[in-house]
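Trainee: I should like to understand how the terms used for a protein model are justified. May we go through them one at a time?

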Amino acid sequence: MSSDDSSGDSEMEPKPSTSKVTANGSDTKQKRKRLQDYLDEKAAREVAERAEEALRRRRKRGLADDEEDPEEASYPVINPVNFVKNKEIRHKRFKRMMGLKKKEEKATKKTRKLEGIPSAPMHTIETLREKDETTVTNVQAEDQEEVVNDLANDEFCEYYQKSYEPKVLITFNQSPHWRSSQFAKLLKKMIPNSCVHQRNYTRLKNVCKSAIREEFTDLLVINEWRKKPEGLLVIHLPEGPTAHFKVSNYKSLKELRRTIKNISTHRPEVILNNFTTRLGLTVGRMLGALFHYEPEFRGRRVVTFHNQRDYIFFRHHLYEFDKNGKRVKLRELGPRFTLKLRSLQVGLFDGKCGDYEWMITNKRHQMEGRRRFFL
């Protein structure tokens, strides 16, 4: 057989028609559509059955259709988009649904602004904290007579009555590292009428006795761990109390790109923020008693102790007003660190037989939640 005959036979062979392919494609699309309609009807039928069952139960209990039932079980809302098997179609429907939801939110926000209704406050761990029985919202209120009497007769009442000027002694452990010495120098620069002395191997009880003899009103002991300041012991003289703080997130002047020359010798202003409980008031008054009660506003220095979730953040700023006197510029002078109260002891420091008013535990009690704070 010649090549021409073979080519002619190949040309005479019938080609497969595409009509069957298109028919099969249309059939599959119709099947998908039928399946999707069936799933949508099934979801709607389930929702209707649940609603009828709930209505039947309410009528058996003798409740009206509009009356709320506290014992009624709430079922999750079934989204029909979840039953779409095709990924592209499901994504398009979900995108369309989210777009409609955003439009509704914008419309409600616009109407709320036009009507002058304030927006709902943002919730944080601090705002959702558990209520404490010792929380004091306003000390000057009429129902806070007990709190006022306690504050008028506590260990710091003489300071807040301006009967004496604070005098602070700063010391270390036996052999301090240069970082602890630098931290003590910065505290001396910030706290007026304070001095730094080496403790050497003297016991802390003897240091307290000698400080009382020299008429010091407060004693600060810097503890260190791994060559870094790790703890701060604040002892109010001569009768206590004694507070032990953990020091963390310490930033020196070098890390903040500041120098000690920027810190003037003027007495700073003191801000104690968010100390709301009875324990928090005691700790705040104790920290405030370290500084002089009459600040020198000419220096424009301010020291802040901000309590948030039982962490006391210390900041040291220099503020400056603009020409109009309306806006304020803040410049951080340093240092920066965070305090965490470990214990509050009644009286002077006694490591063996001390009476502790409050002490933190390493593991919280099972009944205590993460939203319970003590300061």
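Mentor: Let us begin with arginine 226, which lies in the loop between strand S3 (218-224) and S4. Please keep in mind that this is a predicted model.

Trainee: Why is arginine 226 called exposed?

Mentor: Its relative accessible area is 70%. Exposed means over 50%, so arginine 226 is exposed. In addition, phi of arginine 226 is near 55°, a positive value in a residue other than glycine.

Trainee: Which other residue has a positive phi although it is not a glycine?

Mentor: Aspartate 310, with a phi of about 70°. Aspartate 310 is found in the loop between S7 and S8.

Trainee: Is aspartate 310 buried or exposed, and how do you know?

Mentor: The relative accessibility of aspartate 310 is 7%. Buried means under 20%, and therefore aspartate 310 counts as buried.

Trainee: What about tyrosine 293: why is it called partly exposed?

Mentor: Tyrosine 293 has 21% relative accessibility. Buried requires under 20% and exposed over 50%, with partly exposed in between; tyrosine 293 therefore counts as partly exposed. This tyrosine 293 lies in the loop between helix H8 (278-288) and strand S7 (301-308). Tyrosine 293 and glutamate 165 are 128 residues apart in sequence, yet 7.9 Å apart in space, C-alpha to C-alpha.

Trainee: How many aromatic pairs are counted?

Mentor: The count comes to 10 aromatic pairs. One of them joins phenylalanine 183 and tyrosine 250, and it is edge-to-face.

Trainee: What makes the pair of phenylalanine 183 and tyrosine 250 edge-to-face?

Mentor: The centres are 5.0 Å apart and the angle between the planes is 70°. Rings pair if their centres lie within 6.5 Å, and planes over 60 degrees apart count as edge-to-face, so both conditions are met by phenylalanine 183 and tyrosine 250. The pair links distant parts of the chain: phenylalanine 183 is in helix H6 (residues 178-190) and tyrosine 250 in strand S5, 67 residues apart.

Trainee: Why are phenylalanine 183 and tyrosine 250 called buried?

Mentor: The relative accessible area is 0% for phenylalanine 183 and 17% for tyrosine 250. Because buried means under 20%, phenylalanine 183 is buried and tyrosine 250 is buried.

Trainee: And why is the pair of phenylalanine 314 and phenylalanine 337 called stacked?

Mentor: Their planes are 15° apart, and the distance is 4.5 Å centre to centre. Planes under 30 degrees apart count as stacked, so phenylalanine 314 and phenylalanine 337 form a stacked pair. Phenylalanine 314 belongs to strand S8 (residues 311-321) and phenylalanine 337 to strand S10 (residues 336-346). Both phenylalanine 314 and phenylalanine 337 are buried.

Trainee: Which residues form one aromatic cluster?

Mentor: Phe183, Tyr250, Phe291, Phe305, Phe314 and Phe337 form it.

Trainee: Which residues form a nonpolar patch on the surface?

Mentor: Phe94, Met97 and Met98 do, with about 240 Å² of accessible area together. Phenylalanine 94 is placed in helix H3 (residues 87-115).

Trainee: How do you know that phenylalanine 94 is partly exposed?

Mentor: Its relative accessibility is 42%. Partly exposed lies between the limits of 20% and 50%, so phenylalanine 94 counts as partly exposed.

Trainee: Which residues form a positive surface patch?

Mentor: Arg179, Lys227, Lys228 and Lys251 form it. Lysine 251 is in strand S5 (residues 242-251).

Definitions and conventions:
Residues are numbered from 1 along each chain as its sequence is written. This is a predicted model: local features need pLDDT of at least 70, side-chain atom pairs count only at pLDDT 80 or more; totals for chains, interfaces and linings use all residues. Side-chain values use heavy atoms; hydrogens and water are left out. Patches are made of residues with over 30% relative accessible area and no salt bridge: like charges are joined within 9 Å, nonpolar side chains (Val, Leu, Ile, Met, Phe, Trp, Tyr) within 5 Å. Accessible areas come from the Shrake-Rupley method with a 1.4 Å probe; for residues, only the protein chains shown count as cover. A salt bridge is a side-chain nitrogen of Lys or Arg within 4 Å of a carboxyl oxygen of Asp or Glu. Lys and Arg count as positive and Asp and Glu as negative; His and the chain ends are not counted. The place of a charge is taken as NZ of Lys, CZ of Arg, CG of Asp or CD of Glu. Helices (H or I, at least four residues) and strands (E, at least two) are DSSP runs, numbered from the N terminus. Buried means under 20% relative accessible area, exposed over 50%, partly exposed in between (1.4 Å probe, protein chains only). Rings of Phe, Tyr and Trp (its six-membered ring) pair if their centres lie within 6.5 Å; planes under 30 degrees apart count as stacked, over 60 as edge-to-face and the rest as tilted.
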